Amino acid sequence: MYYLDALLWKPDWEPVSKEEQRKTQEELVSQEQWIIDGNYNSTLDVRLNAADTVVFLNFNRTLCIYRVLKRMIQYRNGGRPDMVAGQKERFNLKFVKWVWNYPTNNRPTVLRKLSRLSGDKEIVILSSPKEAEKWLENR
């Protein structure tokens, strides 16, 4: 499993270039099998076009904000396991706002892209952690 956060950030929260992000993801999806976790809209098409299954976690914003804040507190004195080594967790108001506004600003575009994918792809939209658990149990 590949975590985009671990691949697309350098130490001290410096992002890799858009060109490098695209190249990295193109290399990942060229493999026979892969699972990629992350939400980078600028390279979403790379992953969508190559995937045979897309799982979209369509959770409500309150739950997402709660989990972001919980994660920030949990890892405040160190790094997260899904980040580049040495990356310190931090409070980032811009990111919190991005998460809060995601349902309005980003979700419609993602859902539109998912609706346009060819019929040979499995599209799974899960609206709650309970739905996600049940789906995983049945895999």
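Hi everyone, let's start at one residue and work outwards. Asn-106 sits in the loop that joins α5, residues 93-105, to α6, residues 107-116. Please keep in mind that we are looking at a predicted model.

So, is Asn-106 buried or exposed? Its relative accessible area is 14%, and because buried means under 20%, Asn-106 counts as buried. And which residues does it touch, once we leave out those up to four places away in sequence? They are Asn-41, Trp-98 and Asn-101.

Trp-98 takes us straight to the aromatic residues. Together with Phe-95 and Tyr-102, Trp-98 belongs to a cluster linked by ring pairs. In total, the structure holds 3 aromatic pairs. One of the pairs in this model is formed by Trp-9 and Trp-13, with ring centres 5.5 Å apart. How are those two rings arranged? Their planes meet at 70°, and since an angle over 60 degrees counts as edge-to-face, the Trp-9 and Trp-13 pair is edge-to-face.

Now let's stay with Trp-13 for a moment. You will find Trp-13 in the loop between β2 and β3, and Asp-12 is in the loop between β2, residues 9-10, and β3, residues 14-15. Have a look at the backbone here. Asp-12 has a phi near 65°, which is positive although the residue is not a glycine. Trp-13 also has a positive phi, near 60°, and it too is a residue other than glycine.

What about their surroundings? Asp-12 has a relative accessible area of 74%, so it is exposed. Trp-13, on the other hand, is at 18% relative accessibility and therefore counts as buried.

Before we leave Asp-12, here is a pair of numbers to try out on the structure. From Asp-12 to Val-29 it is 17 residues in sequence, and 27 Å in space from C-alpha to C-alpha.

Let's step back and see the whole chain. How many helices and strands does the protein chain have? There are 7 helices and 6 strands. If you walk along the sequence, the order reads β-α-β-β-α-β-α-β-α-α-α-β-α.

How about overall dimensions? The C-alpha trace spans about 45 × 35 × 30 Å along its principal axes. The radius of gyration is 16 Å, which agrees with the value near 14 Å for a compact globule of 139 residues.

Next, contacts and burial. Among contacts with a separation of 6 or more, 61% are between residues 24 or more positions apart. Of the 139 residues in the protein chain, 31% are buried, and we have already met Asn-106 and Trp-13 as buried residues.

Finally, the surface and the charges. The accessible surface of the protein chain is about 9400 Å², and carbon and sulfur atoms contribute 51% of that. The protein chain carries 23 positive and 18 negative charges, and the mean positions of the two groups lie 8 Å apart.

That's my tour, thanks for listening!

Note on methods: Residues numbered from 1 in each chain as written. Predicted model: local features only at pLDDT ≥ 70, side-chain atom pairs only at ≥ 80, totals over all residues. Heavy atoms only, no water. Helix = DSSP H or I, 4+ residues; strand = E, 2+ residues; numbered from the N terminus. Rg over C-alpha atoms; globule rule 2.2 N^0.38 Å. Buried < 20%, exposed > 50% of the residue type's maximum accessible area, 1.4 Å probe, protein only. Contact = heavy atoms within 4.5 Å. Areas by Shrake-Rupley, 256 points an atom, 1.4 Å probe, with all protein chains shown as cover. Lys, Arg positive; Asp, Glu negative; His and termini not counted. Charge placed at Lys NZ, Arg CZ, Asp CG, Glu CD. Phe/Tyr/Trp six-rings, centres within 6.5 Å; stacked < 30°, edge-to-face > 60°.
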